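Let's take a walk through this protein, one region at a time. Keep the viewer open and follow along.

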Amino acid sequence: MISPSSNLSSAILISFLLTLLHFLSLSPTSKATPTYADILCPNSSTYSPSSTYETNLNYLLSALSNADPNGFFNFTTGERLPNPPDPSYGLFLCRGDLSSTACDDCVTAASTEVLRRCPQLKSASIWYDECMLRYSDTNIFSAVDITHVVMLPGAENVTEQPGRFNESLKKLMGELSTRDSLKTQLGYKKFATRELNLTANQTLYGLLQCTPDITSADCGKCITAAVSNLWNCCDGKQGGRVLYTSCNVRKGGNLMASTCWCYCPSWCHRILFPL
C-alpha cells in the first residue's frame, strides 16, 4: 500500500517539474553572436538626422532583419515614381550552409552594427563570417560590383611543402570540374563547398559564393577577381578570404567552419585554370 506521504511527495515533485518547465519555456532564446569580419564606409554622400532618407533606411534595415531568412533577400524603400523621394536599396547574403536561425541572427546584428560604424552614410557594406549586408541610395540589384575588395589572409603560414599545398588546391578544382554530379551544386544560391585530403592529418577546405541576383557570367567575373586577389594576399597562408559585395572566396588548410577554398563548376574552372 502506498502511504499518503508518498502520494504527497510525488505530487510536490510533479508540481515542481511542471513549474520549472513553464519558466524554461518563457526564457528567451539566446542568439548566436556572429563573427565580425570587416566593413566598408565609402566616402560618399551623407544624410541628416530625421531626414526622409534616414526614415527610409531605418525601414529598409528593419525589413531586412525581419525577412524570411532563406539566405538572400533584397528590398527597396521610398521608391515612388516618377520622383522617388530618397530611396534606399538593400540586401543581405548569408553563407549558404547556415541555418535560418543563424542567418537571422547575423542579419539582425549587421543591421544595427552598420549604422554604428558608418553613421549617417547613404551607402555601406558590412561582412561577418556568416553574412554580408549592404545598402545604398542607388540601385545595387542584379549588378556585379568588384569596385571595392576586402582581403583577409589567415594567421597561420603553410610550413610543410607549400608547393604541394598549392598544387593540391589546383587538383581540388580540377577534380570538381570533371564530376558531373557536382556541376549543379551552385544552384540558385550560387554557393558551394568542397574538401580534399592533403595528408592523413591535413585537409583542404574551400568555399565560393555569389549573390543569387547576378548572372552566372557576372558571378564568374567576380570569382575570377576574387581568386586573383586571394593568391596575391594569401599565398603561403593556410587560410584566407577575399570579399566583394557580389561574391566571396575562402580557402583553408585546417578544420574551421568558415575558412575554405572553393568548388567551381566547369565554367569557373576554365576561367581560373586555363589550359
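Let's start at a cysteine: C219 is buried, at a relative accessible area of 1%. Its partner is C210, and the two form a disulfide with their sulfur atoms 2.1 Å apart. C210 is buried as well, with a relative accessible area of 0%. If you check the torsion about the S-S bond of C210 and C219, you'll get about 80°, so this disulfide is right-handed. Bear in mind while you look that this is a predicted model.

Now zoom out for a moment. The chain folds into six helices and 10 strands. It has 275 residues, and 47% of them count as buried. How much of the contact map comes from residues 24 or more positions apart? Taking the contacts in the chain with a separation of 6 or more, such pairs account for 66%. As for the outside, the accessible surface of the chain is about 14,300 Å², and carbon and sulfur atoms own 54% of that.

Back to the cysteines. The structure holds five disulfides, and the one between C210 and C219 is among them. Another joins C94 to C103, with an S to S distance of 2.1 Å. Is that link right-handed or left-handed? The torsion about the S-S bond of C94 and C103 is about 80°, so it's right-handed. Both C94 and C103 are buried.

The disulfide that joins C106 to C131 has its sulfurs 2.0 Å apart. With -80° about the S-S bond, the link of C106 and C131 is left-handed. C106 sits in helix α3 (residues 100-117) and C131 in strand β5 (residues 131-136), so the pair ties together parts that are 25 residues apart in sequence. C106 has a relative accessible area of 0%, which makes it buried. C131 comes in at 4% relative accessibility, and it counts as buried too.

Strand β5 is a good way into the next stop, the second largest pocket. This pocket has a volume of about 160 Å³. It is lined by 13 residues, and the closest to its centre are P42, S123, R134, D145 and H148. Which elements give two or more residues to the lining? They are β4 (124-128) and β5. Of the elements, β5 gives the most, with three residues. In character, the lining of the second largest pocket divides into four nonpolar, six polar and three charged residues.

While you're around here, have a look at S125, which is found in strand β4. At 5% relative accessibility S125 counts as buried, since the cut-off for that is under 20%. Leaving aside its neighbours within four places in sequence, S125 is in contact with I39, L40, L133, R134 and T245. R134 should ring a bell: it's one of the residues closest to the centre of the second largest pocket.

Next, a couple of backbone spots to check on your Ramachandran plot. D86 has a phi near 55°, a positive value in a residue other than glycine. You'll find D86 in the loop between β2 (72-77) and β3 (88-94). Its relative accessible area is 32%, so D86 is partly exposed. Q120 is another case: its phi is positive, about 60°, although Q120 is not a glycine. Where does Q120 lie? It's in the loop between α3 and β4. Q120 is partly exposed, with a relative accessible area of 36%.

Last stop: P153, in strand β6 (residues 150-153). P153 has 43% relative accessibility and counts as partly exposed. Try drawing a distance from P153 to D235: they're 82 residues apart in sequence, yet 8.5 Å apart in space, C-alpha to C-alpha. Leaving aside its neighbours within four places in sequence, P153 is in contact with C233, C234, K237, G239 and G240.

How values were computed:
Residues are numbered from 1 along each chain as its sequence is written. This is a predicted model: local features need pLDDT of at least 70, side-chain atom pairs count only at pLDDT 80 or more; totals for chains, interfaces and linings use all residues. Side-chain values use heavy atoms; hydrogens and water are left out. A disulfide is a pair of cysteine sulfur atoms within 2.5 Å. Buried means under 20% relative accessible area, exposed over 50%, partly exposed in between (1.4 Å probe, protein chains only). Helices (H or I, at least four residues) and strands (E, at least two) are DSSP runs, numbered from the N terminus. Contact means heavy atoms within 4.5 Å. Accessible areas come from the Shrake-Rupley method with a 1.4 Å probe; for residues, only the protein chains shown count as cover. On a 1 Å grid over the protein atoms alone, a cavity is a set of points where a 1.4 Å probe fits but cannot get out, and a pocket is an open set with protein on both sides within 12 Å along at least five of seven lines; lining residues have an atom within 4 Å of a point. Grid points are joined across faces, edges and corners, and a volume is the space filled by probe spheres set on the points. Ala, Val, Leu, Ile, Met, Phe, Trp, Tyr, Cys and Pro count as nonpolar, Asp, Glu, Lys and Arg as charged, and the others, Gly among them, as polar.
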